[in-house]
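Here's a quick tour of one model, taking in some strand pairing and then the nonpolar cores. Have the viewer open as you read.

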Amino acid sequence: MRSTEIRERFLRFFEARGHTRLPNASLIPHDDPSLLFTVAGMVPLKPYISGTRTPPSPNLCSVQKVFRGSGLKYDDISSVGDAYHHTFFEMLGNWSIGGYFKEQAIAYAWELCTGEFGLDPDRLWASIYPDDAVSERIWREQVGLPAERIARLTDNWWAAGDTGPCGYDSELYWDFGAPCSCGRPACTPQDECGGDRWVEIWNLVFMEFDRQADGSLPLLPKPTVDTGMGLERMTSVLQEVRSDYDNDLFVPLMAGFRSRSSGNTDGPEGQRSLRVLSDHLRGAAFLVTAGVVPGNEGRGYVLRRLVRNAALYGRRISAQGGLGAGVDDLTAVLGEVYPELADNRDLIERTLRQEESAFEQTIGEGLKRLESVLSGGAGTVSGEDAFRLYDTHGVPLELMVEIAAERGAGVDTAGFAAAMEQQRARSQAAVRRSGFSASALPPTRFVGYDTLEADSVVAAVAPGDEIAAGQAGDVVLDVSPFYARAGGQVGDSGRLSWDAGEAVVLDTEPVPGSDSRLHRVEVRSGALRPGQGVHAAVDPVRRGAAARHHSATHLLNRALREVLGEGIVQRGSFVGPDHTTFDFSFPRALSREEIAAVEQKVNDAIRRDLQRTAELMALPDARASGAIALLDEAYSDSVRVVDFGGWSRELCGGTHVGRSGEIGAAIIVDESSIGHGIRRITMVAGAAAERRWREVGDALQAAARALKAPPAEVPARVRALQEQVRNQERELRTARHSAPVAAISTAAAVLEDTGPFRFAHLMLDDGDVRDVVDRLFSERLQGDGVAAAIGPRQLAVKVGGGALAAGVDAGTLVRQASERTGARGGGRKEFAQGGVGDPARRADALDTIRGELLRRAA
């Protein structure tokens, strides 16, 4: 049975039994700030399970994309390479929220496995939590499973994170049959041997509790069944292969990487490399389609680590093209089920190739840094240094240990592990937010598309039960005209007023996991309490300015696609009252002509005064209509489509002008890089554009007056002045580099032997170190040896002859010497120069160069 059939038969089985099929949610859990990624099929259902939102049906089923990269119980990325661990996988699941519970869930699981999928019941085992007598009774009395085929495991307690729904679970295991790779003649799931005979195929979670931040376990409003079946494992079982990497989800990926590798892929290490590459291709590709960009923290850090880990394993088998070369294979396997792979194929490949290219340069630098650490004479590379080399430069720990051992040194692996754990904690902390408990709040009805004022009732306040005059706090209203920060647009500000008082609304933001809106307020007079009636009024000037910038951003998106091509993918934005930024995928800087063309198209759309319309549509219909959607946005089944005259059409929940002419005008202020393959345009519109014109015009007039030239001639006059300054600087350098330097270089230089290498060096109080080192090299060494000139601010090294042939590297010498003074430097093997941070440590820099030469001579 092929994987595509397994997905569909699972869903149809439960639909036939009264379950509603749910769409696949984003890998980014927008409603759950406690998680970096969607780590289980139930994550998108947390609001339903906790009672903050009403599910479309009590009984649900889905196939959900899942990514685990930062570890629930262990480091998922490092675990990949065996027969069944993955970072990305698909979770098949069924749920009942307040409907059926253990008895029906277990019956469905047994019926699907033995009936629909035709598995041999004699090769199935179950496991339970030791205290879960109810599940044990159902397995024995209803299903008929003998007691000896029910394992009792203390790990059968399930939770998706530090907080949220949790409870006992019961698992189903498949027996591939003896022998087992663990070496035991008759192992069982009870042994938890870790071998390849037994594979867990389904986890039935019975959620009764809602773990709070303080560790307490109140009961959920409704007991919930949450089951999870890994598609990859069930596919292996039904295709009768012990390794997931031998089923139809992975075989084409493995074959592709094998065909592009010139190294040994047949042995255990070669097989592990192919598995890591195949898994990481899937994980990285789906993270990119979810809008994740490689970076140094949070989700971006996990993606970067994934690509770097794959690159290292690719080196081991000499894989050509890296992960990027496998994108077509992945699209062929999963593109029909997940069309976002085909839609974003170029973006995925470009992102992976750019990150791999950057890593190739970074790891080379990292190995040089490791050499520098070891050359300092330390017997152990500290955990902090080891983690920095790993985190910043991608040098794997095992490679550090190997190189250090060759030098008779060690690596503090315990310190490295501690630093790694701290980084993991920082990654998790990067997405944690504070605020009300979502389960305690009623929804807020937003009316701000149609009005800027509304009468409302205070639903909740925090902290405490009242916000008195002079205090700040958070307020939830039952009805609100205030737009809550979302989609890059800032939240509204304004005022709340009532008979006995007034409060200023500073900001408005959503409450994660709910439909409530949180208004941050300062009470000026009176007091705010739950149940109190208020009049809510949005600041119309600020809202209007933000709306103009948001509408201008839509026009910019369309203009970029027309000028640069339809492959442009929005990667984020900020929309405020004073400016907007627009981030997009593009491999290079825009030319002045391209920026001008984009700006012209935006302003042309403004002058055409295009009518803005907004309509609610079903998500598939909206996509089919040509509406542009963000990669990392979570959309409901019904979405709002904002259209400007049929020219610009996007999925958007933000606020906008009624016609494009209301924007007034737009100016592109800046275009820059914010990461590999990611560009950012900063733009101002409306009154902000007018201010920009005035500021630039005033500056131009001031420059024209200073230069005593018409404004149109200012650029040419400035260029002439710049050329004049450059000429004068050249003349000054020529005057300084005269005969006195030659006298110093020949009379004061020190010449010594460092083994087979001659070493000439000179400390300078003034002069050009580059000129001096050239003279030392030619006049004192006749081109054979190592010359160094160290001034108060710079140093330079030149290497040639036998020293160069023996592997002495000027770049390494300068880098080490500059670092001893607190500066940086580098260059080629033949010549390099760097800074001198602390002139008092110049002697230390010289000792470092001498020490490295002596070490090489030893």
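## Strand pairing

Two strands count as paired here if DSSP finds at least two bridges between them. Keep in mind that this is a predicted model. With that in hand, look at strand β18 (residues 501-510) and strand β19 (residues 517-525): they run antiparallel and are joined by eight bridges. One spot to click on is T508, which sits opposite H519 in β19. The hairpin of β18 and β19 has six residues between the strands, and G513 adopts a positive phi there, near 80 degrees.

β18 has another partner too: strand β17 (residues 494-498) pairs with β18 in the antiparallel sense, over five bridges. Here G494 is the residue facing V505 in β18. The link from β17 to β18 is a hairpin as well, made through two residues.

## The largest core

Now for the nonpolar packing. The largest nonpolar core holds 100 residues, and the members touching the most others are L119, W139, I201, W202, M234 and L323. Helix α8 (residues 268-289) is the top contributor to this core, supplying nine residues.

Which residues does I201 touch, leaving out those up to four places away in sequence? The list runs to C113, L119, L124, L172 and W174, plus G228, M229, G230, M234 and V237. Two of those names, L119 and M234, also appear with I201 among the residues that touch the most other core members.

## A second core

There's also a separate core, this one with 27 residues. Its members include L555, I606, V642 and I681.

Definitions and conventions. Residues numbered from 1 in each chain as written. Predicted model: local features only at pLDDT ≥ 70, side-chain atom pairs only at ≥ 80, totals over all residues. Heavy atoms only, no water. Core = buried A, V, L, I, M, F, W, Y, C linked by side-chain atoms within 4.5 Å. Buried < 20%, exposed > 50% of the residue type's maximum accessible area, 1.4 Å probe, protein only. Helix = DSSP H or I, 4+ residues; strand = E, 2+ residues; numbered from the N terminus. Contact = heavy atoms within 4.5 Å.
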